[in-house]
Amino acid sequence: LSGRTKGSITTVQHFQAFARQQNLSLKELWVAYRGNQPLAAGLIVPTAGRTGMAFLSPITHESQVPHSSRLLTAACQQQDPTTISLIQMLLDPDQTLEAQALAAAGFTPLAHLVYMLRALKTAPTQRPVPLDFQILQWSESNRETFATAILASYEQTRDCPRLLGLRHIDDIINGHMAAGIFRPDLWWAICCEHQPIGVLLVNLVPKQRAAELVYLGLSPPW
């Protein structure tokens with residue numbers, strides 16, 4: 001967060017405009033000072049499902065790691081657990097100093113993420129569903145079916161296993177709904193003989209002709 005100009009506006013003004021556009025609250029913007037000299041800045045943005053996303057100013061030298069770590073620790077300790085029960089942060093692989101600051105502040109590595117995509121040039125082929133299987137679209141009346149299928153898919157999971165037990169299933173579902181534009185007709189649960197065995201959750205990407213595979217999970221026998 002510097003006062004340097006970016007075109008006709010300063011970097012701070014550019015960030016403020018971005019926050020207004022994205023409807024981001026800046027109430028949890030934290031800055032560490034030594035006298036009048038800012039040492040580090042961090043922002044915690046509340047997200048759906050009682051989670052928060054942390055952002056940290058760049059760390060360019062090892063001497064900055066303790067300042068950023070203490071800043072994150074103080075910011076996390078001041079959060080209301082009834083509003084935010086879990087705080088996450090995404091790092092690029094080369095952000096090793098930021099990773100050190102996060103570890104010192106009590107953050108735990110969860111997973112290495114690989115983002116993949118594919119183009120869809122033709123309409124999908126409709127295939128018949130075997131008689132002993134049922135595919136349900138999301139509705140509030142089917143919430144328990146989706147919840148059961150999601151929890152069943154967590155058994156023996158390799159998808160961020162350290163997250164298990166940290167959040168209630170309603171918080172998990174709400175978080176998935178907020179990842180893009182939720183449309184109930186793009187959420188499916190699959191059952192075998194009316195027993196929930198898996199889910200496929202897809203949300204639309206805002207302002208793009210694209211969709212994101214938010215979650216895919218099956219119970220171990222399947």
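**Helix α3 and the nonpolar core around it**

Helix α3 is followed by Gly106, and this glycine has a positive phi, near 95°. The model is a predicted one, and α3 itself covers residues 96-104.

Four residues of this helix, Leu97, Glu98, Ala101 and Leu102, turn out to be buried. Looking down the helix axis, the buried residues of α3 sit within an arc of 140°, so they line one face of the helix. What that face packs against is β5 and α2.

Glu98 is worth a closer look. With a relative accessible area of 6%, Glu98 falls under the 20% cut-off and therefore counts as buried. Setting aside residues up to four places away in sequence, Glu98 touches Leu56, Pro58, Ile59 and Leu91. Ala147, by contrast, is 49 residues from Glu98 in sequence and 35 Å from it in space, C-alpha to C-alpha.

Two of those partners of Glu98, Leu56 and Ile59, come up again in the core. The largest nonpolar core has 18 residues, and Leu56, Ile59 and Ile87 touch the most other members. Two or more residues each come from β4 (37-47), β5 (51-56), α2 (65-77) and α3, with α2 giving the most, four residues. Ile59 also reaches α3 directly: beyond its neighbours within four places in sequence, its contacts include Leu97, Glu98 and Ala101, which belong to the buried set of that helix. Gln64, Val65 and Ser68 are in contact with Ile59 as well.

There is also a second, separate core, made up of 16 residues, with Ile173, Val199, Leu201 and Tyr215 among them.

Conventions:
Residues numbered from 1 in each chain as written. Predicted model: local features only at pLDDT ≥ 70, side-chain atom pairs only at ≥ 80, totals over all residues. Heavy atoms only, no water. Buried < 20%, exposed > 50% of the residue type's maximum accessible area, 1.4 Å probe, protein only. Contact = heavy atoms within 4.5 Å. Core = buried A, V, L, I, M, F, W, Y, C linked by side-chain atoms within 4.5 Å. Arc of directions from axis to C-beta.
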